[in-house]
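Me: Could you take me closely through one part of this protein, beginning with a single side chain and working outwards to whatever surrounds it? I would like a connected account rather than a list, with the values given as you go.

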Amino acid sequence: MAAPRSPPRVRAREREGPRAPTAGSDQVHSWTLVTSQALDTAWKVARGSVTLAVAFLVAALCYVRRMHSYLGRRLKWWIGYLQRKFKRNLSVEAEVDLLSYSAREWKGETPRAKLMRKAYEELFWRHHIKCVRQVKRDNYDALRSVLFQVFSQGLSFPSWMKEKDIVKWTEFSGIKDYHKRGSMCNILFSDAILEYKLYEALKFIMLYQVTEVYEQMKTQKVIPSLFRLLFSRETSSDPLSFMMNHLNSVGDTCGLEQIDMFILGHSLEIKIKVFRLFKFNSRDFEVCYPDLPFREWPEISLLTENDRHYHIPVF
């Protein structure tokens, strides 16, 4: 049986073979190829640029971070240097409210904290002390507390001293304006080098007085009883041993002892009243160096919590 024959049109197309592509199709294909190649090239360029930019940005961030850290360290060093160079590092601070200071320093309900708060209340209500000046805690603080008040109050120098020997003292005692003396004290007590020179001068004044009294004792003259006590000790039987065993250490390894406070007051011809807060409710709560009621000497006041460190009460 013969196979079915194709329609005439189909047979004609088969005889003609495949048609050649038209000109329009070639144009579309060509543009598509060019566009694809252009996009591929652009993407490669863009990807390379982005990679380079990201690498540069990371490097820049790392550099900035390191530079920021370095500049931060240098800035911190310079700030500290300038503060030390130009900021007034007062060794006697400004006045603060007495009861606020007590509440801040002596919190809690321990027996000692309660005792200290009651002692401060006693100063506030009975002795009319309203404020306190904190003094730098070191082995010079007793000398610092005394000298600050001598200068800030404009007290006269001792009668036995010559004016030419104590130029700095006369600068203060000659100023009648309280605020001006206060400004000068702030300048003086922010100069550590000058400050320590004055403390060493005070120690020399104490030694001079001990030597004078020792010479009086040798000639059988009457001397204050506490000087006799001083010379009765093996470690201070004469001015040299007093200097070597006691006075030289003041400021370096120890502060003033009670007998040293007596000598200081006697040397400067002032009465140093000390409120010993840890002795509250006892006869030793308030003491005076020297305790010489017949002497009309000016009086300054200190307060201490332990007989080692002193602050300045403000009435």
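Reply: Q209 counts as buried, because its relative accessibility is 8% and the cut-off for buried is under 20%. The model is a predicted one, and what follows should be read with that in mind. Q209 lies in helix 8, which covers residues 192-218. If neighbours within four places in sequence are left aside, the contacts of Q209 are with W160, H266 and S267.

Helix 8 also holds one partner of a salt bridge, since E195 lies in helix 8 and R144 lies in helix 5, residues 141-152. The closest N and O atoms of E195 and R144 are 2.6 Å apart. The pair therefore ties together parts of the chain that are 51 residues apart in sequence. Both partners are covered: E195 is buried, with a relative accessible area of 3%, and R144 is buried as well, with a relative accessible area of 0%.

From the contacts of Q209 the account can move on to the sheet. H266 and S267, which Q209 touches, are followed in the chain by E269, placed in the loop between helix 11 (258-268) and strand 3. E269 has a positive phi of about 55°, although it is not a glycine. Strand 3, with residues 271-276, runs parallel to strand 5, with residues 299-304, and six bridges join the two. Within this pair of strands, F275 stands opposite L303 of strand 5. As a general point, strands of a sheet pair through backbone hydrogen bonds, and the pairing may be parallel or antiparallel.

The sheet to which these strands belong is open and has six strands in the order 1-2-6-5-3-4, with mixed pairing. Its edges are strand 1 (92-97) and strand 4 (286-289), each of which pairs on one side only. Neighbouring strands of the sheet are turned against each other by 30° on average, with direction ignored. Beyond the edge strand 4, a cis peptide bond joins Y289 and P290, with omega at about -10°, and P290 itself lies in the loop between strand 4 and strand 5.

Strand 6 offers a second side chain worth following, namely Y310, which has its place in that strand. Is Y310 buried or exposed? Y310 counts as buried, because its relative accessibility is 3%. Leaving aside its neighbours within four places in sequence, Y310 is in contact with V135, D141, A142, S145, M261, V274, L302, L303 and T304. One of these contacts, L303, is the residue of strand 5 that stands opposite F275. Y310 and R133 are 177 residues apart in sequence, yet their C-alpha atoms are 9.7 Å apart in space.

Helix 3 (residues 98-105) also belongs in this picture, as it lies across strand 1, strand 2 (131-135) and strand 6 (310-314), running at about 100° to strand 1. At the end of this helix, R104 forms a salt bridge with E105, where the closest N and O atoms are 3.6 Å apart. Unlike the buried residues E195 and R144, R104 is partly exposed, with a relative accessible area of 41%, and E105 counts as partly exposed at 39% relative accessibility.

Further along the chain, E109, K114 and R117 are linked in a network of salt bridges. E122 forms a salt bridge with R126, the closest N and O atoms being 3.2 Å apart, and R126 counts as exposed at 61% relative accessibility. H128, in the loop between helix 4 (111-125) and strand 2, has a positive phi of about 60°, although it is not a glycine.

For the wider setting, the chain has eleven helices and six strands, and the structure holds twelve salt bridges. Of the 315 residues of the chain, 36% count as buried, Q209 being one of those that do. Among contacts between residues at least 6 apart in sequence, 68% join residues at least 24 apart. The accessible surface of the chain comes to about 20600 Å², of which 58% belongs to carbon and sulfur atoms. On that surface, Y63, V64, M67, Y70 and L71 form a nonpolar patch with about 500 Å² of accessible area together. Y70 is found in helix 2, residues 23-86, and is partly exposed, with a relative accessible area of 43%.

Terms used:
Residues are numbered from 1 along each chain as its sequence is written. This is a predicted model: local features need pLDDT of at least 70, side-chain atom pairs count only at pLDDT 80 or more; totals for chains, interfaces and linings use all residues. Side-chain values use heavy atoms; hydrogens and water are left out. Two strands pair if DSSP finds at least two bridges between them. Helices (H or I, at least four residues) and strands (E, at least two) are DSSP runs, numbered from the N terminus. Axes are lines fitted to C-alpha atoms, for helices over the stretch in contact, and angles run from 0 to 180 degrees between N-to-C directions. Contact means heavy atoms within 4.5 Å. Patches are made of residues with over 30% relative accessible area and no salt bridge: like charges are joined within 9 Å, nonpolar side chains (Val, Leu, Ile, Met, Phe, Trp, Tyr) within 5 Å. Accessible areas come from the Shrake-Rupley method with a 1.4 Å probe; for residues, only the protein chains shown count as cover. A salt bridge is a side-chain nitrogen of Lys or Arg within 4 Å of a carboxyl oxygen of Asp or Glu. Buried means under 20% relative accessible area, exposed over 50%, partly exposed in between (1.4 Å probe, protein chains only).
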